[in-house]
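Me: Please take a close look at one annotated part of this structure, and then connect it to the rest. Plain wording is fine, as I am new to this.

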Amino acid sequence: MTYAYIGKDRRRVEDPRLLVGRGGYIADLRLPGMLHAAILRSPVPHARIRSVDATEALRLPGVVAVLTGEDCKAKLNPCMNFGPATIAQYPLAVDKVRYVGEAVAAVVAENRYLAEDGVDLLEVDYETLPPVTDPMAAMEPESALLHEEHGSNIGYERTFEFGDVNAAFAGADLVVEDTLHWGRSAGVPMETTGAVAQPGFNGVLEIYCNSLNFSYFSFLIAATLRIPSNKLTMKPVPAGGSFGSKLAAHKVPTLAGFLALQVGRPVSYVEDRLDNLMNSDHHGCDRFYEARMGFRADGTITGLDIDVVDDYGAYMQFGVGHHGNAFSQVVGPYRFRDVRYRIRAVLTDKCQQGAYRGFGSEVHNWVLERLVDQGAARLGLAPEEIRRCNFIQPDQFPYTIPGGNLYDSGDYPAVLDKALSMIDLNKWRAEQKRLREEEGRHIGIGLATTQERSVFSSTEFWSMVEKPVLPVTSSPESATVTIDPTGQFQLLLHCQSMWGNSPETVGATVLAEEFGIPPESVNVRYADSAHALPSTGPGGSRYTVMVAGAIRGASRKLRKKLIDIAAHTLEEAPEDLELVDARVQVRDAPETGLTLAELAATAYFFALSLPEGMTSGLEESYTYDHPYTTLPAPDGSDFGVFYPIMGHACHIVVLEVDPDTGIPSFLDYVAVHDAGTIVNPRSLGGHVTGGATQGIGTTLYEELAYDEDGQFQSSTFRDYLIPTANEAPAFRIGHVQTPSPFTEYGIKGGGEGGRMVAPAAVSAAIDDALREYGMRVRRLPVKPADIVATVRAGRSAEGAV
Amino acid sequence: MKPPPFTYCDPESVDEAVALKSEYGSDSLVLAGGQSLLPMLNMRLARPEVLIDINKIGDLQRIERWDDILEVGAGVRQYELEDHQLVGELVPLLPEATGYIGHIECRHRGTVGGSLAHAHSAAELPCTAVALDATVVVRGPSGIRTIEARDFFQGRMTTALEPEEVLVAVRYPVTPQAAGHGFVEVARRAGDFALAGAAAVVNLGEDGCFTSVSVGVSSISDTPVRASAVESALIGEAPTENNIARAAEEIVPSVTAADDLHATHDYRRHLASVVVRRAITAAVARAHERRNGT
């Protein structure tokens, strides 16, 4: 299928205003009489709050109010929470603090400077408790408890088994095992989360916010604030990046709303970098694995056995949805059928996990690929060979995996072939040998693949829970398309979707495809929650697929109306007309027709010229439901179909490691992705580049570290190292397009694959570079000191021989 | 991340600045390029009552040659060390080392005096000052005082500067024409704080052996370190790979930095010898180039 606009490389329509500083970000929003809030962050990891003395702060001229956890307890309900109800949380810590950086009190003042001066004057009496930092120790009965009401530091524990894992291992010729640790990193967008709340007319609280899929979640914010949901209007403000972290950063708008209600004036609370790094509620996964994989001698994988301890931090807002997510692609692109997966989610004195590009699947893929690479090395197979011999084949789709999810379509050998065609591995392998022998230089080649599940269904949030509180099954997306009286297009989106991705480019491209108009001519707007139709917003690489479905649905209705008006005007049968290049014309006599502007004028101003029964105007809305979700089995034997729109990717990395300094540098990087039908190769390429760079960050640089006393060590960009253009390789990107049979146009999501596969590919390349020293990347981020320690140990072992 | 209240002064002469410093002493801090001070203010790690902004003082922004001395005013922006012809000709180590300071934007704001006064052990200018036997010029109420760079850096971000004094310039001896220089720094990302760095200047005699070796090392201790043991191990020796590698090991006992998020103590001990070896090797190569007129 070829399209006129879809699939063509074109500039993003969002860019011009962003490039000239007209993004309209939250920190630029000024309302008359607006106050500013600053937060007192806990300096201790675990303590009971005996008292907060605000006397001095309140004496400071310009300070208007100080609110604490006591106020939250008295006036709020607990925050939205998809985890155990016994692990409640509020925007300000109630009774106890449970990590360094947790918000203890908010000071509202005439400006942010004074608010921070006020914070300085607060005196808190903490009764310190033993810090709980090591998740293994946290599970021991003698450990201090984070949540007394929960009764244990284990937030969730369950083992799932699909197939017969013992038999699979018994039948294996080789079983590899590994102990792996995926360290904590986070989305860390350039713009932090912020909200401005104002008590508006008619008792409506208005909250401008750059976070939160409000159409999905705002009733929960209203519930926390104890106001009727129709008295809360969430107003979307574009965000300077999310990467998942703005999916449901609910405490910031909740707090701004609470403060505004308390002081009766507009209040702005915008996280600063310290707030965001230590208190974002969106740290990424922090997992410790004992993992095993069985192989037959020919490389065929027989089974997978995983025991994972996930250090969730102090709360569990999304439950263990991150593991449900991993189950969507638990076998990767491979055919094996036997899987055991034990999860223990542990509570510690750290910021809680949220969403970060991959939502747990990226971690699982790293583990899977680490095991596959180990199997390949021990069986003497090249990384591409072992993968090829295990791939699900193109004629096997739709393919149901262990656990019940379904892969819609794919051609994994084609993706691998495309990647291999873009790089001469034989040449690199010869060069690797030559450099090692002649110059003592160490280059490594890594190859990894990933599944890229896209278009989440809401069952993921609860299917692993025995008695789910909110077993929702809807995750729709809506769009409203308006053709104005002169034939110009307005597109109204019904969620907070401007997060640094390309919702407007996607929307404009789909409208161009449907109506033959220039995409740049479309004006895109965002509804607030008082006007929005059901929508779920970006997350789980769903937005492009879902909004395209919604826009196409609305477009179909509009196209029919246009054709009916034209048929009536031209006195032709509707079936003899077609819409081509912004004009409705007679199929067999294209010179006869009416432009969209002519038809629009009729629709708006000439009711007597409309077909009988038709009403004026040209506006249609459409709500597109998830294309393919089925219910999970209540007993955990099957999660149902919940993430069936399945992409795939293969990355090949060539890098050099300086064995004396442990510093890696990239020599080449090929990334081939299959995200179904591509809407715009340029914006998809941006996702691949950004995602892979974040994957490199997690692998080599980024670390949200707590020391053993629970002190946070990564509170500034001096210590939290995000790769920049200096560190990122010049990615060479290729595409394969296997359309989805279930979505409009066959589009699949493509927002996360880069981060899902880069860690595995880069880890493999580092291993390969230093294979003679027994290097195996088992803990992320892998730091120069780790690499040098391995090299030196390897060299002394050689010396000893 | 907003600073606490402070009084702001922006004197237009060194005399005025010194007078303010004399008046407020340790309650005041000097603001130059702000690359370190402003984050510290915004995070409320520094809480001066008075901020003395020296950016209006033209006298501090000169680069001049006096005989065999290159004098660089404290207010000179770091990028000028990279761009200024005189600096490249007279002390070629400086432009090379300066390129490692943060990113280009930081170097256009950051000043030479600011980096020296901040005295971070990972910083490039303190390290090169120590390696080059530079002299720091300060002015207080009783006039000018000069301090050898190796005495100036006294401890973790502390210097010999008295509370009532202002750092006004740094004097670098002009590097001999035949000398070779090298600067090597290892950081996790481009522009990050050094995990370790080394600055070296060497002279080779007629016989090709070392007649002088000066090495400064950053980020291994509380202050920049002058690698005296390395230097003496090389004087009179031939600049062979083995000799340099063996001598570079002499830096290891000077490594006192404890484990941090980015490097372990053991790694730094190893890395210190690597950067010293590489810096000396680069310096030797340059000395050979100079001799051969290439």
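Reply: UniProt lists residues 1–177 of chain B as "domain: FAD-binding PCMH-type", in an unreviewed entry. The model shown here is predicted. In this model, the C-alpha atoms at the two ends of residues 1–177 of chain B are 48 Å apart. Helix makes up 34% of that span and strand 25%.

One residue to pick out is B:Thr128, which sits in helix H8, residues 124–131 of chain B. Is B:Thr128 buried or exposed? B:Thr128 counts as buried because its relative accessibility is 0%, and buried means under 20%. How far is B:Thr128 from B:Ala238? In sequence they are 110 residues apart, and in space their C-alpha atoms are 24 Å apart.

Further along chain B, B:Ser219 has a positive phi, near 65 degrees, and is a residue other than glycine. B:Ser219 is in the loop between strand S13 (210–218) and strand S14 (225–226) of chain B. With 7% relative accessibility, B:Ser219 counts as buried.

Chain A offers a parallel case. A:Leu212 is not a glycine, yet its phi is positive, at about 85 degrees. A:Leu212 is placed in the loop between strand S10 (205–209) and helix H7 (214–225) of chain A. At 0% relative accessibility, A:Leu212 counts as buried.

Chain A also has a record to read. In an unreviewed entry, UniProt gives residues 20–130 of chain A the feature "domain: Aldehyde oxidase/xanthine dehydrogenase a/b hammerhead". The end C-alpha atoms of residues 20–130 of chain A are 51 Å apart, and the span is 20% helix and 32% strand.

Two cis peptide bonds can be found in chain A. One runs from A:Phe397 to A:Pro398, with omega near -5 degrees. A:Pro398 belongs to the loop between helix H12 (383–390) and strand S16 (399–400) of chain A. Another cis peptide bond joins A:Leu780 and A:Pro781, with omega about -5 degrees. A:Pro781 is in the loop between strand S29 (779–780) and helix H20 (784–800) of chain A.

Next come the charged side chains. How many salt bridges does a search of the whole structure find? Over all chains, the search finds 80 salt bridges.

One of these salt bridges pairs A:Glu157 with A:Arg342, and their closest N and O atoms are 2.8 Å apart. This pair links distant parts of the chain, 185 residues apart: A:Glu157 is in strand S7 (residues 154–162) and A:Arg342 in strand S15 (residues 338–347) of chain A. A:Glu157 is partly exposed, at 43% relative accessible area, and A:Arg342 is partly exposed too, at 26%.

A second salt bridge is formed by the side chains of A:Arg453 and A:Glu752, at 2.9 Å from N to O. A:Arg453 is in strand S18 of chain A and A:Glu752 is in the loop between strand S28 (732–735) and helix H19 (753–769), so the pair ties together parts that are 299 residues apart in sequence. A:Arg453 counts as buried, at 0% relative accessibility. A:Glu752 is buried as well, with a relative accessible area of 6%.

A third joins A:Arg556 and A:Glu744, with the closest N and O atoms 3.2 Å apart. A:Arg556 lies in helix H16 of chain A and A:Glu744 in the loop between S28 and H19, so this pair ties together parts 188 residues apart in sequence. A:Arg556 is partly exposed, at 43% relative accessible area, whereas A:Glu744 is buried, at 16%. Through shared partners, salt bridges also join A:Arg41, A:Arg112, A:Glu116, A:Asp117, A:Asp120, A:Asp272, A:Asp275, B:Arg44 and B:Arg47 into one network.

Last, the surface. A:Glu571, A:Glu572, A:Glu575, A:Asp576 and A:Asp588 form a negative surface patch. A:Asp576 is in the loop between helix H16 (543–570) and strand S22 (577–580) of chain A, and is partly exposed, at 36% relative accessible area. Which residues make the nonpolar surface patch of about 270 Å²? A:Val469, A:Leu470 and A:Val472 make it. A:Val472 is found in the loop between strand S18 (442–454) and strand S19 (477–483) of chain A. With a relative accessible area of 34%, A:Val472 is partly exposed.

Key:
Residues numbered from 1 in each chain as written. Chains lettered and ligands numbered in written order. Predicted model: local features only at pLDDT ≥ 70, side-chain atom pairs only at ≥ 80, totals over all residues. Heavy atoms only, no water. Patch = residues over 30% accessible without salt bridge, like charges linked within 9 Å, V, L, I, M, F, W, Y side chains within 5 Å. Areas by Shrake-Rupley, 256 points an atom, 1.4 Å probe, with all protein chains shown as cover. Salt bridge = Lys/Arg side-chain N within 4 Å of Asp/Glu carboxyl O. Lys, Arg positive; Asp, Glu negative; His and termini not counted. Charge placed at Lys NZ, Arg CZ, Asp CG, Glu CD. Helix = DSSP H or I, 4+ residues; strand = E, 2+ residues; numbered from the N terminus. Buried < 20%, exposed > 50% of the residue type's maximum accessible area, 1.4 Å probe, protein only. UniProt positions renumbered as here; feature names shortened; annotations may be inferred.
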